[in-house]
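Work through the exercises below with the structure open beside you. Try each task before reading its solution.

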Amino acid sequence: MAYQFDELINRKNTRSYKWDQVGPMFGNEDILPLWVADMDFPCPPAVQEALRKRVELGAYGYAIRTDEYADAIMSWFGRKHGWSLQREWISDSPSVVTTLSLAVEQFTAPGDQVVIQTPVYYPFYDVVRMNDRELALNPLLIRNGHYEMDMEHLESLFQAGAKLLLFCNPHNPGGRVWSREELEALGALCLRYGMTVVSDEIHCDLVYPDYEYVPFASLSPELADRTITCLAATKTFNLPGLHTSFMVVSNREMKAKLDRRIKALSIHMSHHLAQEAVVTAYNECEDWLDELMVYIEGNLNYALDYLAEHLPQVKPMKPEGTYLLWLDCRALGLDKNGLKKLMYEGAKVAFNEGSTFGTEGEGWLRVNLACPRFVLEKAMAQFCAAANSLDA
């Protein structure tokens, strides 16, 4: 491999949310953190060099966006995903969650129902509730070892008057990369009931072999006209601390409404460092991503094999994308507090406790696989030993 993923950067005492919060959040500074979804790998060397040059300017004033930025985005999605974007469809936002919240605010009214498919990334709940909207839950079904959409129930929510669907593709935490057929079935329902869709597709580049990410808005011009797609280079290239994302909205009226609100909140200015990072990542770092996914798939296979041998009662949901592993721990017979005690006190590890993704996630844990192999090996060994000691 041309790139090194086996070395651990010491991120302690660097204001790292992942590493420096383990004491305050989990009660022990020595806990091994495999929770919040950033990577423990260095970002691509070309991105590091681009940022170094930017920092060396020595003056960090207001920045503008250039055509090069949109060109890099359009080129990436065209060659990587076969999605032909137009420059006027792209707008920046500080984060995908910001865009989710703005869309809820702008395209629904207080008291309206917003559909989410649970279990799902926990900010989906926040952006609905904190905008004084009502949650309409469409729980995913477990079939054939993975999640599937309950289309009949989803249609009943649309019939009952829901105004907006927050969608997640690839799915977090379950790792589903929704198939074209599933997306087309969903799209048909959305068109039938005039549903606006806000699609979080931030994990789109992190897909394992034999699976294909299909942008929901790419299915047809009619669906694109009803869809706000939330994207970023941050998950793909480990840049989340730069707080940069973009949305793709082909509907002129919808985009104008979002752009106006972004300007009103004065969150429209370009981050001084972000544009260099995004342009360099999309233009120069595809080979880095290819090697990253080989390494992460190796981590996934290691975790699956280790759990099968040492803790077979815990059933992983094998992901099709993302660097996250969703573990069904219900056979351990522990409630959420019991799982927390097992992790933080027994195993000295921090995975994400599943109920934060919704009641359907109770009894599950989410593991971040984007770390050096030896870190994952240590975490798996400690967790399995602690879980097996429950029966001792």
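**Exercise 1: One helix, two faces**

The buried residues of helix H7 are covered by elements that include strand S3 (113–116), S4, strand S7 (164–168) and helix H8 (180–192). Keep in mind that this is a predicted model.

Task: Find which residues of helix H7 (residues 151–159) are buried, and explain why they line one face.

Solution.
- Step 1. List the buried residues of H7: Leu-154, Leu-157 and Phe-158.
- Step 2. Recall the helix geometry. An α-helix has 3.6 residues a turn, so residues three or four places apart point the same way.
- Step 3. Look down the axis of H7. Its buried residues fall within an arc of 100°, so they line one face of the helix.
- Step 4. Turn to the face directed away from the buried side. Glu-152 and Gln-159 are the exposed residues there.
- Step 5. Check what follows H7. Gly-161 has a positive phi, near 110°.

**Exercise 2: Cysteines without a bond**

Task: State how many disulfides the structure holds, and explain why Cys-168 and Cys-285 form none.

Solution.
- Step 1. Set the test. A disulfide needs two cysteine sulfur atoms within 2.5 Å.
- Step 2. Take Cys-168. The closest cysteine sulfur is in Cys-230, 10.0 Å away, so the gap is too far for a bond.
- Step 3. Take Cys-285. The closest cysteine sulfur is in Cys-43, 8.2 Å away, so this gap is also too far for a bond.
- Step 4. Note the surroundings. Cys-168 is buried at 4% relative accessibility, and Cys-285 is buried at 2%.
- Step 5. Give the count: 0 disulfides.

**Exercise 3: The sheet**

Task: Give the strand order of the open sheet of 7 strands, and name its edge strands.

Solution.
- Step 1. Read the order: S2-S10-S9-S8-S7-S3-S4, with mixed pairing.
- Step 2. Pick out the edges. Strand S2 (90–93) and strand S4 (134–137) each pair on one side only.
- Step 3. Add the twist. Neighbouring strands are turned by 25° against each other on average, direction ignored.
- Step 4. Zoom in on one pair. Strand S9 (residues 227–231) and strand S10 (residues 245–248) are antiparallel over 3 bridges.
- Step 5. Locate Cys-230 in this pairing. Its bridge partner in S10 is Met-247.

**Exercise 4: Core and enclosed helix**

Task: Describe the largest nonpolar core, then decide how far helix H12 (residues 274–284) is enclosed.

Solution.
- Step 1. Size the core. It has 87 residues, and those with the most contacts inside it are Phe-77, Phe-237, Tyr-282, Phe-351 and Phe-383.
- Step 2. Find the main contributor. Helix H13 (residues 286–310) gives the most, with 11 residues.
- Step 3. Follow Phe-237. Among the residues it touches are Cys-43, Trp-76, Tyr-282 and Cys-285.
- Step 4. Move to H12. Here 8 of the 11 residues are buried, so the helix is largely enclosed by the rest of the structure.
- Step 5. Name its packing partners: helix H3 (45–55), helix H4 (67–81), helix H10 (234–237), S10 and H13.

**Exercise 5: A buried strand**

Task: Which way do the residues of strand S15 (residues 364–368) point?

Solution.
- Step 1. Recall the rule. In a regular strand the side chains alternate between the two faces of the sheet.
- Step 2. Apply it. Trp-364, Arg-366 and Asn-368 point one way, Leu-365 and Val-367 the other, and all are buried.
- Step 3. Conclude. With 5 of the 5 residues buried, S15 is largely enclosed by the rest of the structure.
- Step 4. Identify its partners. Strand S12 (residues 324–328) pairs antiparallel over 5 bridges, and strand S14 (residues 352–353) pairs antiparallel over 2.

Methods:
Residues are numbered from 1 along each chain as its sequence is written. This is a predicted model: local features need pLDDT of at least 70, side-chain atom pairs count only at pLDDT 80 or more; totals for chains, interfaces and linings use all residues. Side-chain values use heavy atoms; hydrogens and water are left out. Buried means under 20% relative accessible area, exposed over 50%, partly exposed in between (1.4 Å probe, protein chains only). A nonpolar core is a set of buried Ala, Val, Leu, Ile, Met, Phe, Trp, Tyr and Cys residues joined through side-chain atoms within 4.5 Å. Helices (H or I, at least four residues) and strands (E, at least two) are DSSP runs, numbered from the N terminus. Contact means heavy atoms within 4.5 Å. Two strands pair if DSSP finds at least two bridges between them. Axes are lines fitted to C-alpha atoms, for helices over the stretch in contact, and angles run from 0 to 180 degrees between N-to-C directions. The arc is that of the directions from the helix axis to the C-beta atoms.
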